[in-house]
Amino acid sequence: MANTTVTIDPRPTYFGDRIVVTGSYTSGDVAGAVTIALASSLTSIDAIVVNPSSTSAQPVEEGSAADNSDVVVTQTFDFATFSGTTITVTPGQGDGTVVAGTFLAIGRR
């Protein structure tokens, strides 16, 4: 797991039996996914939004040469999934590190 800091905003928003939790995470300094554990705030997650602070350059072989003679650079974003009460941010770039960003989770309290 990447060495990163996760900060959960101290004042969540409640509506009915739902809660909105927001926060931020720093970029990882080693390759790997970043996990955001929200079990202390939520019993389950219904939806998430993750906003990486930047894109990352990812070289991609355009043709079949496989010798870097036809490499193009595309911009990629980190992406996120959730399971139970944990968000996992996975790096979208080739060096395997997550960029800093913010998150929002809606779930049951």
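Analyst: We start with a rule: a salt bridge is a side-chain nitrogen of Lys or Arg within 4 Å of a carboxyl oxygen of Asp or Glu. The model is predicted, so local features need pLDDT of at least 70 and side-chain atom pairs pLDDT 80 or more, while totals for chains, interfaces and linings use all residues. Residues are numbered from 1 along each chain as its sequence is written, and side-chain values use heavy atoms, without hydrogens or water.

User: How many salt bridges does the rule give?

Analyst: Side chains of opposite charge can pair when their charged atoms come close. Here the count is three. Arg-108 pairs with Asp-17, with the closest N and O atoms 2.7 Å apart. That pair links distant parts of the chain, 91 residues apart: Arg-108 is in strand 10, and Asp-17 is in the loop between strand 2 and strand 3. Strands are DSSP runs of E, at least two residues, numbered from the N terminus.

User: Which residues form the salt bridges of Arg-18?

Analyst: One partner is Asp-17, at 3.6 Å between the closest N and O atoms. Another is Asp-46, at 3.0 Å. Arg-18 lies in strand 3 and Asp-46 in strand 5, so this pair ties together parts 28 residues apart in sequence. Asp-17, Arg-18, Asp-46 and Arg-108 are thus linked in a network of salt bridges.

User: Is Asp-17 buried or partly exposed?

Analyst: Buried means under 20% relative accessible area, exposed over 50%, and partly exposed in between (1.4 Å probe, protein chains only). Asp-17 is partly exposed because its relative accessible area is 42%. Asp-46 has 37% and is also partly exposed. Arg-108 counts as partly exposed at 35%.

User: Which residues of the largest nonpolar core touch the most other members?

Analyst: In soluble globular proteins, nonpolar side chains tend to be buried together. A nonpolar core is a set of buried Ala, Val, Leu, Ile, Met, Phe, Trp, Tyr and Cys residues joined through side-chain atoms within 4.5 Å. This one has 14 residues, and those touching the most other members are Tyr-25, Ile-36, Leu-38, Leu-42, Ile-87, Val-89 and Phe-103. Strands 3, 4, 5, 9 and 10 each supply at least two core residues. Strand 3 gives the most, with three.

User: Which side chains of strand 9 point to one face and are buried?

Analyst: In a regular strand the side chains alternate between the two faces of the sheet. Ile-87 and Val-89 point to one face and are buried. Thr-86, Thr-88 and Thr-90 point to the other and are not buried.

User: Which strands pair with strand 9 over four and five bridges?

Analyst: Two strands pair if DSSP finds at least two bridges between them. Strand 4 pairs with strand 9 in the antiparallel sense over four bridges, and Ile-36 has Ile-87 as its bridge partner. Strand 8 (residues 79-83) is also antiparallel to strand 9, over five bridges. There, Thr-81 stands opposite Thr-88. Strands 8 and 9 form a hairpin with two residues between them, and Gly-84 in the turn has a positive phi of about 60 degrees.

User: What does the side chain of Asp-9 make a polar contact with?

Analyst: A polar contact is a pair of N or O atoms within 3.5 Å; within protein, one must be able to donate a hydrogen and the other to accept it, and residues adjacent in sequence count only if both atoms are side-chain atoms. Asp-9 makes a polar contact with the side chain of Thr-22, at 2.4 Å. Asp-9 sits in the loop between strand 1 (6-8) and strand 2 (13-15).
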